[in-house]
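Reader: Got a minute to walk me through this one? I'd like to start with burial and then move on to rings and strands.

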Amino acid sequence: MSNPSQGSLAPPLTFGLPWPDFNDGLFYNDVVRATDSELTLIQFYSKKYKNSAPLQGWLQRIQNGQITIDGEVVRDASTNLRIGSELVYHRLPWKEPDAPHLLEILYEDDDMIALNKPSGLQVLPGGLFQQRTVLTQLLWWAAKLSSSLRCNKPHPTPVHRLGRGTSGLLLCAKTKIAKTKLATYFADGTSHLGGISKANSELGISRKILKIYRALVTGIVCDDKVNVSQPIGIVQYPGVAKGLYVASPSGKPALSKVEVLERDTEKNCTLVQVEIQSGRPHQIRIHLAFIGHPLLGDPLYVVGGGPQRSDSEYLDENFALDGGFLRPTKPVPGDCGYSLHAHKVTLSHPTTNEVIIISAPLPPNLRTRKEVQER
C-alpha cells in the first residue's frame with residue numbers, strides 16, 4: 001500500500017486568487033411551459049421560486065427591471081405569460097461574506113487532484129456564496145494553466161463535498177472517466193453499508209474509498225470505540241430551502257466508526273477519529289451529537305443529532321435589499337465554529353486501481369499530545 005502524498009512529492013503547491021469585492025451576479029433562465037401559461041409574471045416567480053424571496057421581494061425585483069421576457073425588460077408584475085416565452089431574472093452583484101481563497105495541493109496526477117480545503121470556504125456555489133467557492137478557484141487556476149500552455153484543458157471538479165466549516169482533504173477529478181469512477185465510489189459507500197467486496201479486500205475497507213476524520217467533541221467519550229448507525233433524514237428548517245439533515249429513524253442508512261484518541265478531563269472534551277465509507281451530508285456532526293457528544297463549537301447540532309428547538313421558529317417574511325430573504329437568525333449548516341478535519345483518504349485509483357493513501361496535515365488543536373511533541 002503506497003502513500004503518494006508523502007516521500008517523493010515536491011513541497012506543497014498553493015494557489016488561489018483574492019476575491020473581488022463584488023461577484024458578477026447571476027442570471028436565471030426559464031421557458032414558459034403549457035402548465036405556466038395561465039400565470040402572471042409575479043405568480044410565476046413567487047410560485048416557482050418561493051424559497052428565493054417572499055412575494056414583496058419578487059415585486060421589488062420586477063419593478064427594478066431585473067426580469068426580461070424575450071429580451072425585453074418588463075416592470076408590470078401582472079403581465080400574462082405566453083407558452084414558449086423566455087424569462088431571465090438577473091440577480092444583482094453582491095458582496096459575499098469573507099472566505100479564505102488559498103488552496104494547497106496535496107496530490108496530483110493526470111486523473112485527479114487532492115486539495116487541502118481551509119475551514120470557512122464553501123466547495124460549490126449555494127446561498128450567499130456563489131463566487132467564493134473552491135470550484136471558482138479551480139476554474140480560475142485551470143484557465144491560467146490553459147493560457148500558459150496555450151491549450152484547453154478541462155478544469156478539475158470536486159467529486160464530493162465538505163461542509164463550509166470543515167477543513168481538510170477534498171478530492172477533485174480532472175477527467176470525465178475519473179469523475180464517473182470517483183462518484184461511483186462515493187455512491188457505493190453509502191448504498192452498500194457493511195458490504196465487503198473481494199476486489200477491495202486489500203484496502204481493508206468495505207468499498208473502494210474510505211475517509212478518516214479528526215474531530216474535537218464536547219464531553220468525555222467513555223467507550224474507546226463506538227459504532228454509530230443512526231439513519232439520517234431531512235426535516236423542514238427556517239432558512240434551509242431543501243431541508244435540514246438530522247438524525248431520523250426514517251432516514252437513510254449511515255455508519256460512522258468513532259475511536260477515542262485522547263481525553264481532556266480538564267477542558268471536558270475528547271479528541272476522536274471518525275471513519276466513514278463516504279457519508280451523508282453533515283453525517284459526522286449529526287452522529288456525534290446523536291451519541292451525546294456534539295462537536296465542540298458546533299452552532300447547529302445539539303445532543304440527539306438535531307438543531308436546538310424553540311417555539312419561535314418561523315420564516316421571516318421581511319426581505320433584504322435584493323428582494324431575497326434576510327439571513328436566518330437561527331444557525332444554519334454553513335455556519336462555522338466547530339473543529340472537524342478530513343484527515344486521510346484511502347482509495348482505489350480511478351484508472352490504475354492502485355491503492356493510494358492521501359493525507360491532509362492536521363490543525364494544531366486536532367493533534368494528540370504525542371503528535372505535538374513529535375513535531
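Author: Sure. One cut-off first: a residue is buried under 20% relative accessible area, exposed over 50%, and partly exposed in between. Keep in mind that this is a predicted model.

Reader: Is tryptophan 19 buried or exposed, then?
Author: Buried. Tryptophan 19 has 12% relative accessibility, so it falls under the 20% cut-off.

Reader: How many aromatic pairs are there?
Author: The count comes to eight. One of them joins tryptophan 19 and tryptophan 140. That pair is tilted, with 50° between the planes and 5.7 Å centre to centre.

Reader: Where do tryptophan 19 and tryptophan 140 lie?
Author: Tryptophan 19 is in the loop between strand 1 (13-15) and strand 2 (26-31), while tryptophan 140 is in helix 3 (residues 134-149). The pair therefore ties together parts 121 residues apart in sequence.

Reader: And what is the accessibility of tryptophan 140?
Author: 26% relative accessibility, so tryptophan 140 counts as partly exposed.

Reader: Which residues form an aromatic cluster?
Author: Tyr28, Phe44, Tyr45, Tyr49, Trp58 and Tyr89 form one. Trp58 also has a charged neighbour: arginine 61 lies over its face, 4.5 Å from the ring centre.

Reader: What sits over the ring of tryptophan 94?
Author: The charged end of arginine 91, at 3.7 Å from the ring centre.

Reader: Switching to strands. What is the strand order in the open sheet?
Author: Four strands, in the order 2-5-3-4, with antiparallel pairing. Strand 2 and strand 4 (72-73) are the edges, each pairing on one side only.

Reader: How many bridges join strand 3 to strand 4?
Author: Two. Strand 3 covers residues 67-69 and runs antiparallel to strand 4. Within that pairing, threonine 68 has valine 73 of strand 4 as its bridge partner.

Reader: Which helix packs on the sheet?
Author: Helix 1 (residues 41-48) does, touching strand 2, strand 3 and strand 5 (86-91). The direction of helix 1 makes about 65° with that of strand 5.

Reader: Last topic, helix 5. Mostly covered or mostly open?
Author: Mostly covered. Helix 5 (residues 283-290) has seven of its eight residues buried.

Reader: Which residues of helix 5 are buried?
Author: Gln283, Ile284, Arg285, Ile286, His287, Leu288 and Ala289.

Reader: What happens just after helix 5?
Author: Glycine 292 takes a positive phi there, about 95°.

Definitions and conventions: Residues are numbered from 1 along each chain as its sequence is written. This is a predicted model: local features need pLDDT of at least 70, side-chain atom pairs count only at pLDDT 80 or more; totals for chains, interfaces and linings use all residues. Side-chain values use heavy atoms; hydrogens and water are left out. Rings of Phe, Tyr and Trp (its six-membered ring) pair if their centres lie within 6.5 Å; planes under 30 degrees apart count as stacked, over 60 as edge-to-face and the rest as tilted. Helices (H or I, at least four residues) and strands (E, at least two) are DSSP runs, numbered from the N terminus. Buried means under 20% relative accessible area, exposed over 50%, partly exposed in between (1.4 Å probe, protein chains only). A charge sits over a ring if NZ of Lys or CZ of Arg is within 6 Å of the ring centre and within 35 degrees of the ring normal. Two strands pair if DSSP finds at least two bridges between them. Contact means heavy atoms within 4.5 Å. Axes are lines fitted to C-alpha atoms, for helices over the stretch in contact, and angles run from 0 to 180 degrees between N-to-C directions.
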